[in-house]
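Thank you for making room for this on the agenda. I would like to walk through one structure with you, and I would ask you to keep the view open while I talk.

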Amino acid sequence: MPSPVTRKQRDPDSDSPFVPSTMIAQIGTLFVKQGTTLNRNVGNFKIPPASLAGFVTISMLISVVLYDRFFVKLLKKWTKNPRGISLLQRMGIGLVFHIVIMVVASFTERHRLDVARANGLVENGNQVPLSIFILLPQFLLMGTADAFLEVAKIEFFYDQAPESMKSLGTSYSMVSLGAGNFISSFLLSTVSKITREDGHEGGFGTT
């Protein structure tokens, strides 16, 4: 006979947005820090590193249009789902994109540091002779990932919440972005502290 008192189960979907939100936080932290060390000159104009975040929005807008106009219509023929794929599947594709972004960003950072070491720029912090546009792929991919994950996340929380809690469900997706920024700050400060123990200036404080 089942017990009348059941233990409340923790919904794994409630924690899943924090990881991609931590990655999104890199747009305004690590990616911008990388940009400040690179050659930002285009003719007589110097590109502000934070302005590359605009490519995330552009990429997201283009990806959303392509998704709705072509991807959904194509998949509806096979899946019989009016959305093309389920919201969880769309979120899963977004998570895969985030993994690809981190791989691309790691290779870019390794190349940046290799060039800095080759030119003796690691300790003095001078500009690395690489164009800031080597960071563009990770910004463009972030916009594509958002078109899958962030849009699906908002729809998912809105659909799954009870009628009286629709606004609360939608706001939770925004809370996850805030939590991601706190987690990102913790990770960056931890890496900086650990690398400082080796006698260096410390992680992301160096070129």
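I will go from the overall layout to the core, then to the aromatic rings, and finally to the charged side chains.

Please bear in mind throughout that what you are looking at is a predicted model. The chain contains six helices and four strands, and if you read the elements off from the N terminus, their order is α-α-β-β-β-α-α-β-α-α. Of its 207 residues, 35% count as buried. Among the contacts whose partners have a separation of 6 or more, 75% are made by residues 24 or more positions apart.

Let me turn to the interior. In soluble globular proteins, nonpolar side chains tend to be buried together. In this model the largest nonpolar core has 21 residues, and the members that touch the most others are Ile-27, Phe-31, Phe-139 and Met-142. Two or more residues of this core come from each of helix H2 (30–36), helix H4 (87–118), strand S4 (128–131) and helix H5 (136–160). If you centre the view on Met-142, and leave aside residues up to four places away in sequence, you will find it touching Met-23, Ile-24, Ile-27, Phe-31, Val-56, His-98 and Ile-101. There is also a second, separate core, made of six residues, and Met-91, Leu-149, Ala-152 and Phe-156 are among them.

Pro-20 deserves a moment here. This proline is found in helix H1, which covers residues 18–24, and with a relative accessible area of 2%, under the 20% cut-off, Pro-20 is buried. Setting aside residues up to four places away in sequence, Pro-20 touches Leu-95, His-98 and Leu-149. From Pro-20 to Ile-99 the C-alpha to C-alpha distance is 9.1 Å, although the two are 79 residues apart in sequence.

Now to the aromatic rings. A pair of aromatic rings is described by the distance of the centres and the angle of the planes. The count for this model comes to five aromatic pairs. Take Phe-31 and Phe-139: their ring centres are 5.4 Å apart and their planes stand at 65°, so this pair is edge-to-face. What does the pair tie together? Because Phe-31 lies in helix H2 and Phe-139 in helix H5, the pair ties together parts that are 108 residues apart in sequence. Phe-31 is buried, at a relative accessible area of 2%, and Phe-139, at 0%, counts as buried too.

Elsewhere, ring pairs link Tyr-67, Phe-71, Phe-97 and Phe-148 into a cluster. The ring of Tyr-67 has a charged partner as well, since the charged end of Arg-90 sits over that ring, 3.9 Å from its centre.

That brings me to the charged side chains. Side chains of opposite charge can pair when their charged atoms come close. Searching the whole structure gives four salt bridges, and I will describe some of them. Arg-83 and Glu-155 meet through their side chains in a salt bridge, at 3.5 Å from N to O. This pair links distant parts of the chain, with Arg-83 in the loop between helix H3 (54–79) and H4, Glu-155 in helix H5, and their positions 72 residues apart. Arg-83 counts as partly exposed at 36% relative accessibility, and Glu-155 counts as partly exposed at 28%.

Helix H4 offers two further examples. The side chains of Arg-112 and Glu-109 form a salt bridge at 2.7 Å, N to O; these residues are three apart in helix H4, and therefore separated by about one helical turn. Arg-112 and Glu-109 are both buried. Arg-117 and Asp-114, also three residues apart in helix H4, form a salt bridge whose closest N and O atoms are 3.3 Å apart. Here Arg-117 counts as exposed, at 53% relative accessibility, while Asp-114, at 42%, counts as partly exposed.

I would like to finish with Asp-146 in helix H5. How far away is the nearest side chain of opposite charge? That side chain is Lys-153, 7.8 Å away, and Asp-146 is buried yet has no salt bridge. What Asp-146 does touch, not counting residues up to four places away in sequence, is Ile-24, Val-56, Met-60, His-98 and Val-151.

Conventions:
Residues numbered from 1 in each chain as written. Predicted model: local features only at pLDDT ≥ 70, side-chain atom pairs only at ≥ 80, totals over all residues. Heavy atoms only, no water. Core = buried A, V, L, I, M, F, W, Y, C linked by side-chain atoms within 4.5 Å. Buried < 20%, exposed > 50% of the residue type's maximum accessible area, 1.4 Å probe, protein only. Contact = heavy atoms within 4.5 Å. Phe/Tyr/Trp six-rings, centres within 6.5 Å; stacked < 30°, edge-to-face > 60°. Lys NZ or Arg CZ within 6 Å of the ring centre and 35° of its normal. Lys, Arg positive; Asp, Glu negative; His and termini not counted.
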